[in-house]
Amino acid sequence: MGFSDLLEEVGGFGKYQWCHVTLICLPGLLMASQNLLNNFVSGIPSHHCSLPANLSAYNLSGFQVDKTTLMRAFIPLDASGTRLDRCRRFVTPQWQLLAANISANISHLPTEECVDGWTFDRSEFVATTVSEWDLVCGLRPLKQMIQTIYMGGVLAGAIIYGGLSDRFGRRSILIWSYLHMAVVGTISAFAPSYTSYSAMRFLTGMAVSGIILNGVSLKMEWIPTKNRTLVGTLSSFFFTFGQMILAGLGYWLRDWRKLQLVVCAPFFLPFCYSWWYSESARWLVLRKRSDDALKSLHRVAKYNGQPEAAKKVTLEVLHSHMHKEIEACRTTFTAVDLLKTPGMRRISVCLIVVWFSTSFAYYGLAMDLQKFGVSIYLMQIIFGAVDFPAKLMALGLLSYIGRRVTQALCLFMSALVIFANIFVPTDMQTLRTTLACLGKAFTSSSFTTVYLYTGELYPTVVRQTGMGLVSTMARIGSMAAPAVLILDEIFPALPSIVYGGAAVFAAGFALFLPETLDMHLPETIQDVEEKWSERKAAHSKGKDISLKAVDDDVISKEGVLLKELKESEGSGLNAL
């Protein structure tokens, strides 16, 4: 018997679990806002060079033209010939260009940079970091750098808060992360400079990791095994709804400081009610705090209307149910074990590429909504809504055609759609938007698939270590994605080529992964080598000495409790 059986005895998925899951998931409505916030707080309004500061010195009484037409004398048209150049203006006014039906060659006319700053259109955004700190033209890369810095914070938070949660508990770190998010996010809304705002976004990213990692762990560790798949799937939709909420808030406020405040200040609320959470009883037992674990179980049983069951749960019963987990924690594995043997090495290398490329392509699409020529607010709603059918499609394909084919298919189709959009003219907005949504759907399906697939491929003894490794690669991919958008200054289609190429590359690696449909989860590294290593025959004859050494070490850990696939699936979907 395991701890999950003990949860069934104290009420299963009862009243406490419903409240527990709901309260942890509610902040998820604003978590998606953090990942995609840069689309709105750093949106790029239409802009052009400001007119000379001494404009009043010119005698304009002889020109009966409006201000828009007057611009032609000061600012040249861009390469398309349809709009004013964003980064250059004439050194001296070219009055002859105001004459009707003139078609003069202006390429030889001297121009200069926007020495008097820029004038921004306020119809789509009232104020953004771009318009406030002039992050355009030569400073345009700094706009994308904000998102890269934020993702760097997410990576740092995963490393720091992941370790702290094992030491101080899921509940304590989750409560701190809520406060961290609320305070730092609120301060960000009043940042006086680009540097201070970027620093605050880095710290916000750390808080996001703390909330997601500890929220998932605390939620799943109080849920019986049979309910984890359903809970994980439903939890993921809080993030999907959150993407749509972000679009509504952005459309309503249109000011980056107000939006920043509205999506961060509400985290004071979960900070206040999170004190109600019970610490993970599993973690308490493994930290030799069995008395506290017993109190938590009694509290849950009474809340679930099982006071009699609470009386039956004693320290002896608790230890008997967790005997295998207690034995397992006496020996640990490291990330080196993920690469020691041929089968594990093959799985790890392929998954690293798949996770990196999936995250890379996903955020490459999600963080560049303005290029499609449609309202950024409408695009955000569509991109959020498309996640519903995408996740359902992925779960259906996984059950019928298997994990490996589904993973490779989702990656290849996302690349195909990204490449196709390169050849669609910019004036065909409906087709471009449709293809973009399909690309988002396939990358979202790839995320759903890889979370589940990874949990099935790695054996129990290194599953959490493996998940940590590949999710780190995903965060590196999400950091690199915004930086690649800068390449459009070299060639407009270059970012799409890079994103699509990465997806094709990963699809090829996915085909080298073993199929796991309808197969038992591996418990040890030896199980992986016997099932999936290409050197299986050599192993059966005892020719691989290094594997034998690993096998001997693994046998000593036979008390490890099998963590069911459903746990990995549930937590993965929620993290997305």
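How many salt bridges does the count come to? The count comes to eight salt bridges, and a few of them get their own close-up below. Keep in mind that this is a predicted model.

**Figure 1. The whole protein, before we zoom in.** Let's start with the overall picture. The protein has 28 helices and four strands. Of its 576 residues, 54% count as buried. Its accessible surface comes to about 24500 Å², and carbon and sulfur atoms make up 63% of that surface. Contacts are worth a glance too: among those with a separation of 6 or more, 80% are between residues 24 or more positions apart.

**Figure 2. How confident is the prediction?** The pLDDT averages 81 over the protein, and 84% of the residues score at least 70. Residues 534-576 are another story, with a pLDDT below 50. That stretch still has 87 contacts in the model beyond near neighbours in sequence. Where pLDDT is low, the predicted coordinates should not be read in detail.

**Figure 3. Arg-89 and Asp-116, a salt bridge between distant parts of the chain.** Side chains of opposite charge can pair when their charged atoms come close. Here Arg-89 and Asp-116 form a salt bridge, and their closest N and O atoms are 2.8 Å apart. The two partners are 27 residues apart and belong to distant parts of the chain. Arg-89 sits in strand β2 (residues 88-90), while Asp-116 is in the loop between β3 (111-113) and β4 (118-120). Is Arg-89 buried or exposed? Arg-89 is buried, because its relative accessible area is 5% and the cut-off for buried is under 20%. Asp-116, at 36%, counts as partly exposed. There's a third player here as well: Glu-112 is linked with Arg-89 and Asp-116 in a network of salt bridges.

**Figure 4. Two more salt bridges.** First up are Arg-83 and Asp-78, whose side chains meet in a salt bridge at 2.7 Å, N to O. Arg-83 is partly exposed, with a relative accessible area of 45%. Asp-78 counts as buried at 17%. Next come Arg-289 and Asp-292, another salt bridge, with the closest N and O atoms 3.1 Å apart. Arg-289 is partly exposed at 37% relative accessible area, and Asp-292 counts as partly exposed at 29%.

**Figure 5. Helix α21, end to end.** Grab a ruler for this one. Helix α21 covers residues 403-422, which is 20 residues. What span should we expect at 1.5 Å a residue? The answer is 28 Å, because the expected span takes 1.5 Å times one less than the number of residues. In the model, the end C-alpha atoms of α21 are 29 Å apart, so the two values agree. Several residues of α21 are buried, including Arg-403, Cys-410, Leu-411, Val-417, Ile-418 and Asn-421.

**Figure 6. A nonpolar patch on the surface.** Which residues form this nonpolar patch? The patch is made of Tyr-400, Ile-401, Val-405 and Leu-409. Together they have about 400 Å² of accessible area. Tyr-400 lies in helix α20 (residues 387-400). Tyr-400 is exposed, because its relative accessible area is 72% and exposed means over 50%.

**Figure 7. Ser-478 and the residues it touches.** Ser-478 is found in helix α23 (residues 463-484). At 3% relative accessibility, Ser-478 counts as buried. What does Ser-478 touch, not counting residues up to four places away in sequence? With those left out, Ser-478 touches Met-151, Ser-359 and Tyr-363.

**Figure 8. Pro-93, in a loop.** You'll find Pro-93 in the loop between β2 and β3. Pro-93 is buried, with a relative accessible area of 16%. Its C-alpha is 8.4 Å from that of Ile-75, and the two residues are 18 apart in sequence.

**Figure 9. Two positive phi values in one loop.** Asp-134 has a phi near 55 degrees, a positive value in a residue other than glycine. Asp-134 is in the loop between α6 (129-133) and α7 (141-168). Cys-137 is also placed in the loop between α6 and α7. Cys-137 has a positive phi of about 55 degrees too, although it is not a glycine. As for cover, Asp-134 counts as partly exposed at 25% relative accessibility, whereas Cys-137 counts as buried at 17%.

Notes:
Residues numbered from 1 in each chain as written. Heavy atoms only, no water. Buried < 20%, exposed > 50% of the residue type's maximum accessible area, 1.4 Å probe, protein only. Salt bridge = Lys/Arg side-chain N within 4 Å of Asp/Glu carboxyl O. Patch = residues over 30% accessible without salt bridge, like charges linked within 9 Å, V, L, I, M, F, W, Y side chains within 5 Å. Areas by Shrake-Rupley, 256 points an atom, 1.4 Å probe, with all protein chains shown as cover. Contact = heavy atoms within 4.5 Å. pLDDT = per-residue confidence, 0-100.
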